[in-house]
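Colleague: Could we go through the side-chain contacts of this model together? I would like to begin with the charged pairs.

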Amino acid sequence: MEASDPTESAAGEAQPTVTCVSAVTLATHDMARAVRFYRALGLTLLYGGEAERFTSFALESGYLNLTAQPAERRWSWWGRIVFYVSDVDAFYRQAVAAGVRTDTTPRDASWGERYFHVTDPDGHELSFARPLDR
């Protein structure tokens, strides 16, 4: 049996596909602290702010959103968001200069990216990366 093309229906019509991630929304227990953290990383505030229940930061091709949650709402490790940046080392220096504590320093990975990790004040893991020139 031949594998079928997942982008084509049984009738031969093109199927819709996922093309990109438009936005990621992270929960926070302290909107003011979270907004200050993401602004220190250099993200541009689009909507909301420190006193709001929902905040959105504009990225080049999408959005990072924050949504306020009550203290009794808890979460555990869920994964990591990877953001591509134009220059990993320069972005790292900028973050450190703004007072952001990083989990790692920039390094080259065997899978072909240069990256470093940060954990935001609510425990969300973030990676800032760029493909290595090969």
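Modeller: Certainly. A salt bridge here is a side-chain nitrogen of Lys or Arg within 4 Å of a carboxyl oxygen of Asp or Glu. The model is predicted, so local features need pLDDT of at least 70 and side-chain atom pairs count only at pLDDT 80 or more, while totals for chains, interfaces and linings use all residues. Residues are numbered from 1 along each chain as its sequence is written, and side-chain values use heavy atoms, with hydrogens and water left out.

Colleague: How many salt bridges does that rule give?

Modeller: The count is 5.

Colleague: Which residue does arginine 114 meet at 2.8 Å, N to O?

Modeller: One partner is aspartate 89, in a salt bridge of 2.8 Å from N to O. Arginine 114 belongs to strand β7 and aspartate 89 to helix α2 (residues 88-97), so this contact ties together parts that are 25 residues apart in sequence. Helices (H or I, at least four residues) and strands (E, at least two) are DSSP runs, numbered from the N terminus.

Colleague: Are arginine 114 and aspartate 89 buried or exposed?

Modeller: Arginine 114 is partly exposed at 22% relative accessible area, and aspartate 89 is partly exposed at 26%. Buried means under 20%, exposed over 50% and partly exposed in between, with a 1.4 Å probe and protein chains only.

Colleague: What else does arginine 114 meet in a salt bridge?

Modeller: Aspartate 108, also through a salt bridge of 2.8 Å, N to O. Shared partners thus join Asp89, Asp108 and Arg114 into one network.

Colleague: And what does aspartate 122 pair with?

Modeller: Aspartate 122 forms a salt bridge with arginine 33, the closest N and O atoms being 3.0 Å apart. Aspartate 122 lies in the loop between β7 (113-119) and β8 (125-131) and arginine 33 in helix α1 (residues 31-40), so parts 89 residues apart in sequence are tied together. Aspartate 122 is buried at 11%, whereas arginine 33 is partly exposed at 31%.

Colleague: Turning to the rings, how many aromatic pairs are there?

Modeller: The whole structure has 9. Rings of Phe, Tyr and Trp (its six-membered ring) pair if their centres lie within 6.5 Å; planes under 30 degrees apart are stacked, over 60 edge-to-face and the rest tilted.

Colleague: What is the geometry of tyrosine 38 and phenylalanine 57?

Modeller: That pair is tilted, at 6.0 Å centre to centre and 45° between the planes. Tyrosine 38 is buried at 1%, and phenylalanine 57 is buried at 0%.

Colleague: Which rings are linked into a cluster?

Modeller: Phe83, Phe91, Tyr92, Phe116 and Phe128 are linked by ring pairs.
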